[in-house]
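Biologist: Pick one pocket in this model and take me through its lining in detail. Then carry on to the other empty spaces and the packed parts, with your cut-offs as you go.

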Amino acid sequence: MSVVPANRQESDAAGDILMSVKDLTKYFSSRGGVLSGPPTKVKAVDGVSFDLVRGETLGLVGESGCGKTTLGRAVLRLIEPTSGEVYFEGQDILKMGKRQLRAIRRQMQVVFQDPFGSLNPRMSVGEIIEEPLVIHRLGDRAQRQARVRQLLEVVGLASYQMRRYPHEFSGGQRQRIGIARALAVNPKLIVADEPVSALDVSIQSQILNLFEDLQKEFGLTYLFIAHGLNVVRHISDRVAVMYLGAMVEIAGAEAIYQRPRHPYTEALFSAIPIPNPAVRRERIILQGDVPSPVNPPAGCRFHTRCPIAQDLCKTDRPLLKESESAHWVACHFR
């Protein structure tokens, strides 16, 4: 069986939905105790819905603790969602058994935030990249070794480096190894969980350019999770904004950066520095702290910090609706 990928851009129809997520929730339970009190539920992801179009990059942004990473892992079933539906090419992966899920996981891979912690220090680079091929029984030994050498060159490393170990590489090189491992089984979707946040700024641009080059070459679809807003703007076709476990806005990258609609998005994007001292942006400072996901506010979760909140916001949770063409907002007044 050949393990060399073909360019999917020739065969897939433009605008096709690759993944559809509907009302996804993930609650974490904490044990009670004498000092900690009764058991509680942390609502990390609460009723999130979105679609991923084949070949696009959807950037996912929000404050730390808003549920971005949990969402990314839940759609891949790296952690089990509490409820909801996740359709990948029309199949609900949350209803799949282990055998079905293992087969479809060839199509869905992940690149982790920590390029060192995600690599086994006891395995050589060649063994790390080859491991997915062994697990999925793709090719014989000679084919797998050829695939490893090919992937190293694709991500900008030399094939002779396959015998080295992770500690012998820099942070940027280790992330390239992680990307090569994700590509090994020829996936259609890659969830990139803050893949450049642990890297130097000079290296970040190289890795971002690599992601873009690979997308063009292999027709990949990305769910790109990040907290660097300029990074997301650079790489994304669309941007989704999360707040306290809920999706508050989804739109095209330029549209959402030029004209954000949700008050939280406005405040978030007002913090982006402008590289021109002659241009000043009014900074929106939100009052108060982010509420606890253990006991989120009723109604709109943002109403406790929102400058335009009214009584309706305290009781009714706004639905994500299309306020203008391809621009979705969860706000009663926008």
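**The second largest pocket, and what lies beyond**

Modeller: Start with two strands: β2 (40–53) and β10 (246–252) each put at least two residues into the lining of the second largest pocket. Helices (H or I, at least four residues) and strands (E, at least two) are DSSP runs counted from the N terminus. Bear in mind that this is a predicted model, with pLDDT of at least 70 needed for local features and 80 or more for side-chain atom pairs, while totals for chains, interfaces and linings take in all residues. Numbering runs from 1 along each chain as its sequence is written, and side-chain values use heavy atoms, without hydrogens or water.

β10 is the top contributor to this lining, with three residues. The pocket's volume is about 320 Å³ (the space filled by probe spheres on grid points joined across faces, edges and corners). Its lining has 17 residues, and M247, R317, P318, L320 and A330 are the closest to the centre. A pocket here is an open set of points on a 1 Å grid over the protein atoms alone, with protein on both sides within 12 Å along at least five of seven lines; lining residues have an atom within 4 Å of a point, and a cavity is a set where a 1.4 Å probe fits but cannot get out. By class, you get 10 nonpolar, four polar and three charged residues (Ala, Val, Leu, Ile, Met, Phe, Trp, Tyr, Cys and Pro are nonpolar, Asp, Glu, Lys and Arg charged, the others, including Gly, polar).

The largest pocket holds about 480 Å³. It has 19 lining residues, with Q109, V110, P132, I135 and R181 nearest its centre. β6 (108–111), α3 and α5 (171–183) are the elements giving two or more residues to that lining, and α3 gives the most, with four. The class split is 11 nonpolar, four polar and four charged.

Helix α3 (residues 125–135) also holds E130, which counts as buried because its relative accessibility is 5% (buried is under 20% of relative accessible area, exposed over 50%, partly exposed in between, with a 1.4 Å probe and protein chains only). The E130 side chain makes a polar contact with the R144 side chain at 2.8 Å. Beyond its neighbours within four places in sequence, E130 touches R141, R144, Q145 and V148 (contact is heavy atoms within 4.5 Å).

As for closed space, the whole structure has three cavities of 30 Å³ or more. The largest cavity comes to about 50 Å³, and its lining includes H262, C300, C306, C313, C331 and H332. That lining has eight nonpolar residues, three polar ones and no charged ones.

Now the packed parts. The largest nonpolar core has 60 residues, and I129, I179, L183 and F211 touch the most other members. Helix α6 (residues 201–218) gives the most to this core, with six residues. A separate second core has 31 residues, among them L71, L101, L223 and M247. M247 is thus in that second core, as well as close to the centre of the second largest pocket.

Back to L183: leaving out neighbours within four places in sequence, its contacts include R147, L151, V155 and L214. V196 sits in the loop between β7 (189–193) and α6, and it counts as buried, at 5% relative accessibility. With neighbours within four places set aside, V196 is in contact with Q204, I207, L208 and V231. V196 and I207 are 11 residues apart in sequence, with 7.1 Å between their C-alpha atoms.

Conventions: Core = buried A, V, L, I, M, F, W, Y, C linked by side-chain atoms within 4.5 Å. Polar contact = N/O pair within 3.5 Å; in protein donor to acceptor, adjacent residues only side chain to side chain.
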